[in-house]
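Here is a short tour for anyone meeting this model for the first time. Have a look at the sequence and the structure, then read on.

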Amino acid sequence: MSLWVTLFDIKSKKVLMTKRMEGALGSGFSFRNYWATGFKKVIDQIEKSEYKKWKSN
């Protein structure tokens with residue numbers, strides 16, 4: 001699964017950054033869990049490494 005992560009300033013409505021990210025889909029027992037696994041992997045990737053890179057820029 002690929003998705004666009006977009007950070008923006010709510011007050012000024014200015015887009016700060018946009019990045020395409022990918023997360024592997026899961027093999028869950030339901031349609032929801034199948035897609036939720038991909039979102040979870042992208043969020044984990046942001047927390048582990050991407051956020052520090054974004055913050056420094």
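Lys40 is partly exposed, with a relative accessible area of 48%. This is a predicted model, by the way, so treat what follows as a reading of a prediction. Lys40 is found in helix H1, and its side chain meets that of Asp44 in a salt bridge, with 2.9 Å from N to O. How far apart are Lys40 and Asp44 in terms of helical turns? Being four residues apart in helix H1, they are separated by about one helical turn. Asp44 is partly exposed too, at 22% relative accessibility. That value sits just on the partly exposed side of the cut-off, since buried means under 20%. Elsewhere in the model, salt bridges that share partners join Lys19, Glu50 and Lys53 into one network.

What about Lys40 and a residue from further back in the chain? Lys40 and Leu25 are 15 residues apart along the chain, and their C-alpha atoms are separated by 9.5 Å.

**The overall picture**

Time to step back. The protein has one helix and two strands, and if you read along the sequence you meet them in the pattern β-β-α. Is the protein more spread out or less spread out than a compact globule? The radius of gyration is 14 Å, well over the 10 Å that the globule rule gives for 57 residues, so the protein is more spread out than a compact globule. Along the principal axes, the C-alpha atoms fill a box of roughly 40 × 25 × 15 Å.

How much of the protein counts as buried? Of the 57 residues, 18% do. The accessible surface comes to about 4900 Å², and carbon and sulfur atoms account for 59% of that. As for contacts with a separation of 6 or more, 28% of them are between residues 24 or more positions apart.

Then there are the charges. The protein has 12 positive and 5 negative ones, and the mean positions of the two sets are 2 Å apart.

**Pairs of opposite charge**

Side chains of opposite charge can pair when their charged atoms come close. Here the count comes to four salt bridges. Three of them, including the Lys40 pair from above, are set out below.

| Salt bridge | N to O distance |
|---|---|
| Lys19 and Glu50 | 2.6 Å |
| Lys40 and Asp44 | 2.9 Å |
| Arg20 and Glu22 | 3.1 Å |

What does the Lys19 and Glu50 pair tie together? The closest N and O atoms of Lys19 and Glu50 are 2.6 Å apart. Lys19 lies in strand E2 and Glu50 in helix H1, so the pair ties together parts that are 31 residues apart in sequence.

Is Glu50 buried or exposed? At 6% relative accessibility, Glu50 counts as buried, because buried means under 20%. Lys19, its partner, counts as partly exposed at 30%. If you leave aside neighbours within four places in sequence, Glu50 is in contact with Lys19, Met21 and Gln45.

Arg20 forms its salt bridge with Glu22. Arg20 is partly exposed, with a relative accessible area of 44%, while Glu22 counts as exposed at 52%. The cut-off matters for Glu22, because exposed means over 50%.

**Two more lysines to find**

Lys13 has its place in the loop between strand E1 (2-9) and strand E2 (14-22). At 71% relative accessibility, Lys13 counts as exposed. What is unusual about its backbone? Most residues other than glycine have a negative phi. Phi of Lys13, however, is near 60°, a positive value in a residue other than glycine.

Lys41 lies in helix H1, which covers residues 31-56. At 40% relative accessibility, Lys41 counts as partly exposed. Which residues does Lys41 touch, not counting those up to four places away in sequence? They are Gly23 and Ala24. For a sense of distance, try Lys41 and Lys11: the two are 30 residues apart along the chain, and their C-alpha atoms are separated by 29 Å.

Definitions and conventions. Residues are numbered from 1 along each chain as its sequence is written. This is a predicted model: local features need pLDDT of at least 70, side-chain atom pairs count only at pLDDT 80 or more; totals for chains, interfaces and linings use all residues. Side-chain values use heavy atoms; hydrogens and water are left out. The radius of gyration is taken over C-alpha atoms; the globule rule is 2.2 Å times the number of residues to the power 0.38. Buried means under 20% relative accessible area, exposed over 50%, partly exposed in between (1.4 Å probe, protein chains only). Contact means heavy atoms within 4.5 Å. Accessible areas come from the Shrake-Rupley method with a 1.4 Å probe; for residues, only the protein chains shown count as cover. Lys and Arg count as positive and Asp and Glu as negative; His and the chain ends are not counted. The place of a charge is taken as NZ of Lys, CZ of Arg, CG of Asp or CD of Glu.
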